[in-house]
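Visitor: Please take me closely through one part of this structure, the places where charged side chains pair, and carry the description on into the strands that hold them. I would like one connected account rather than a list.

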Amino acid sequence: MAQELETKQETVYKTVVPHVDIFETEDAYHLKVEMPGVDKDNLDVTYENHTVRIIGNTSTIFDGYYTSYQEFAPVQYEREFEIGDGIDKNNIKALIKHGVLDLSLPKNENLKPRKIPVTVA
C-alpha cells in the first residue's frame, strides 16, 4: 500500500548577482543581464529615484508534478543600477529571451551627438 507524504514546501531562494554586459550606441545604453531559468512572469524591472532595479526568480515548480527529490535550487537574481538624468526614463524597454534580459535605456536628446552646422563668414 502506497502512502502519500504530505509536506509543506516553502521556497527559499539563493540570492545571486547576475553577470551584466553594458553597451553604448549613439541613441541608448544596452544592458545584457544573464538570468538563466527566469521567464517573463517571474521578472520585475523597475525605475525609481534614478535607480533601475532588476529582480528575477527561477521556478522549480512543475505543474502536475510532486517534487520527491530536488537538486535544482531556486535562485533569485538581483541587481541595481544608478542612472543619471541623461536617460529617457519613460521609454526604457526590457526583453527577455533564452535567459538573457536585454534592457534598453534610451538617451535624452541632449545627450545624443549632434552635427553642428558650419557657416561661412
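Guide: A good place to begin is D102, which has a relative accessible area of 21% and is therefore partly exposed, because a residue would have to fall under 20% to count as buried. Everything said here refers to a predicted model. The salt-bridge partner of D102 is K32, and the closest N and O atoms of the two are 3.1 Å apart. This pair links distant parts of the chain, with K32 in strand β3 (residues 28-34) and D102 in strand β8 (residues 100-106), 70 residues apart. K32 is partly exposed as well, at a relative accessible area of 32%. In general terms, side chains of opposite charge can pair when their charged atoms come close.

The backbone around this pair deserves a look too. Strands β3 and β8 pair in the antiparallel sense over seven bridges, and one of the pairings sets H30 against its bridge partner S104 in β8. Strand β3 also has a partner in β2 (residues 20-24), to which it is joined by five bridges, again antiparallel. Within that pairing I22 stands opposite L31 of β3, and the connection from β2 to β3 is a hairpin of three residues.

The structure holds four salt bridges, and two others can be described together. In one, the side chains of E78 and R53 meet at 3.2 Å, N to O. Because E78 belongs to strand β6 (residues 75-82) and R53 to strand β5 (residues 51-57), this pair ties together parts that are 25 residues apart in sequence. In the other, R53 meets E80 in a salt bridge of 3.3 Å, N to O. Here R53 in β5 and E80 in β6 are 27 residues apart in sequence, so this pair too ties separate parts together. Through shared partners, the salt bridges join R53, E78 and E80 into one network. The members of that network can also be described by their accessibility: R53 is partly exposed at 32%, E78 counts as partly exposed at 26%, and E80 counts as partly exposed at 47%.

Beneath these side chains, the backbone pairing of β5 and β6 is antiparallel and runs over seven bridges. Two positions help to place it: I55 stands opposite E78 in β6, and N57 stands opposite Q76 in β6. The acidic residue E78 thus has a salt-bridge partner in R53 and a position opposite I55 in the strand pairing. On another side of the account, strand β1 (residues 14-16) is joined to β6 by three bridges, and these two strands run parallel; the bridge partner of V16 in β6 is Y77.

These pairings belong to an open sheet of four strands in the order β1-β6-β5-β4, with mixed pairing. Its edge strands are β1 and β4 (43-48), each of which pairs on one side only. Neighbouring strands of the sheet are turned against each other by 20° on average, direction ignored. In a regular strand, side chains alternate between the two faces of the sheet.

The strands that carry the salt bridges also contribute to the nonpolar interior. The largest nonpolar core has 16 residues, and those with the most contacts inside it are L31, V33, M35, I54 and L105. The elements giving two or more residues to this core are β3, β5, β6 and β8. As a general background, nonpolar side chains in soluble globular proteins tend to be buried together. M35 gives a picture of the surroundings: leaving aside neighbours within four places in sequence, M35 is in contact with P18, L43, I54, I55, G56, Y77, G99 and L101.

One last position brings the account back to the end of β8. D88 is found in the loop between β6 and β7 (93-97). D88 and L105 are 17 residues apart in sequence, and their C-alpha atoms are 7.0 Å apart in space. With neighbours within four places set aside, D88 is in contact with P106, K107 and N108.

Key
Residues are numbered from 1 along each chain as its sequence is written. This is a predicted model: local features need pLDDT of at least 70, side-chain atom pairs count only at pLDDT 80 or more; totals for chains, interfaces and linings use all residues. Side-chain values use heavy atoms; hydrogens and water are left out. Buried means under 20% relative accessible area, exposed over 50%, partly exposed in between (1.4 Å probe, protein chains only). A nonpolar core is a set of buried Ala, Val, Leu, Ile, Met, Phe, Trp, Tyr and Cys residues joined through side-chain atoms within 4.5 Å. Contact means heavy atoms within 4.5 Å. Two strands pair if DSSP finds at least two bridges between them. Axes are lines fitted to C-alpha atoms, for helices over the stretch in contact, and angles run from 0 to 180 degrees between N-to-C directions.
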